[in-house]
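Please open the structure in your viewer and keep the selection panel at hand. The stops below say what to select next and what is there.

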Amino acid sequence: FDRDLCWRTGAQLLPVVCDSSNGFKVTREALEAAYIEAKEANIRVRALLITNPSNPLGTVLDRKTLRDIVSFINEKNIHLICDEIYSATVFGSQPSFISISEIIEEDQEICNHDLIHIIYSLSKDLGFPGFRVGIVYSYNDKVVECARKMSSFGLVSSQTQHLISSLLSDDEFVEKFLSESAKRLENRHQTFTDGLAQVGIRCLQSNAGLFVWMDLSHLLREKSFLAETDLWRIIINEVKLNVSPGSSFHCSEPGWFRVCIANMDEPTVEIALKRIRAFVVKGENAVVAPAKKKQCWQSQNTKLRLSFSFRKMDDLMMMSPHSPIPQSPLVQART
């Protein structure tokens, strides 16, 4: 969202601070606190932006939370933008995905419909990121009119429209595809979280998305985002795994990382888990090395101590010079 919403527009994002004590759930108290903080800083809040299912958490918002969110934006008279791009990546029977549109339909009086906007894409659910097919669904005619005009600068080709139309018209195929996708996501999620649990790494309980939210806070040399960045660089450059630090998602607690699990085959999954396990075990069993010796990770007082030779930032990060956050470079797993 920092890149998509801020780089060209100059808009400002204010995070709603959530924490691990309740599984990073969005609460009315957290929304109120963020709103009050913005007002005290003389910032005019125009909208609330949420993802459901969540990226990076992989969790879905329950009915009560969604109703609280709609009630909140109605009281503040601000817009609600709901990103539902991962809506069909939910696996397992519970909790199920609930669209914000369902909440509105259940109670017509709950909110001013002109304040509600939904964005979606075929990139995740159907695996069509290269087709660049995005959707804006709004109850506000002015927003729809504006979006229609802006879309002329990025039209979906007629060939792509024909292909997508034909595909989506095949109800039997779509149903089978999404069903099989959910089964594979569930199996991959189970494999990955079980593999991490073997070395004492826990993940946030989730049942959606293409990723897991992994807790490595116990591996930090200290509880700080600087230590998180140090750990991230080691994982990227020494362990050779491509993960995203929690700070790049405005996480309020250092030590959480997002790991994409759906973009690799089974052999690569085993390689990734093997590297993570080796990294954790080596860190736990390492001894303090002599000062002249370069050591990737060292243990002292049962805490993992991290140090390594820094390369130039340009070599570490493939990112725009205007980016406010580090972006993970693509690292291919090799045997």
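**Starting at the surface**

Select Phe 1, Leu 5 and Leu 13, which together make a nonpolar surface patch of about 230 Å² (patches join nonpolar side chains within 5 Å, from residues with over 30% relative accessible area and no salt bridge, that is, no side-chain nitrogen of Lys or Arg within 4 Å of a carboxyl oxygen of Asp or Glu; areas come from the Shrake-Rupley method with a 1.4 Å probe). This is a predicted model, in which local features need pLDDT of at least 70 and side-chain atom pairs count only at pLDDT 80 or more, while totals for chains, interfaces and linings use all residues. Residues are numbered from 1 along each chain as its sequence is written, and side-chain values use heavy atoms, leaving out hydrogens and water.

Phe 1 lies in the segment before helix H1 (2–6) (helices, of at least four residues, and strands, of at least two, are DSSP runs).

**The sheet**

Next, select the 4 strands of an open, antiparallel sheet, ordered E5-E6-E8-E7 (strands pair if DSSP finds at least two bridges between them). Strand E5 (202–203) and strand E7 (244–245) stand at the edges with a single partner strand each, so one side of each has no neighbour in the sheet. Arg 202 has Asp 215 in E6 as its bridge partner.

**Around Ile 201**

Now select Ile 201, which touches residues including Leu 196, Met 214 and Ile 276, when residues up to four places away in sequence are not counted (contact means heavy atoms within 4.5 Å).

Methods: Patches are made of residues with over 30% relative accessible area and no salt bridge: like charges are joined within 9 Å, nonpolar side chains (Val, Leu, Ile, Met, Phe, Trp, Tyr) within 5 Å.
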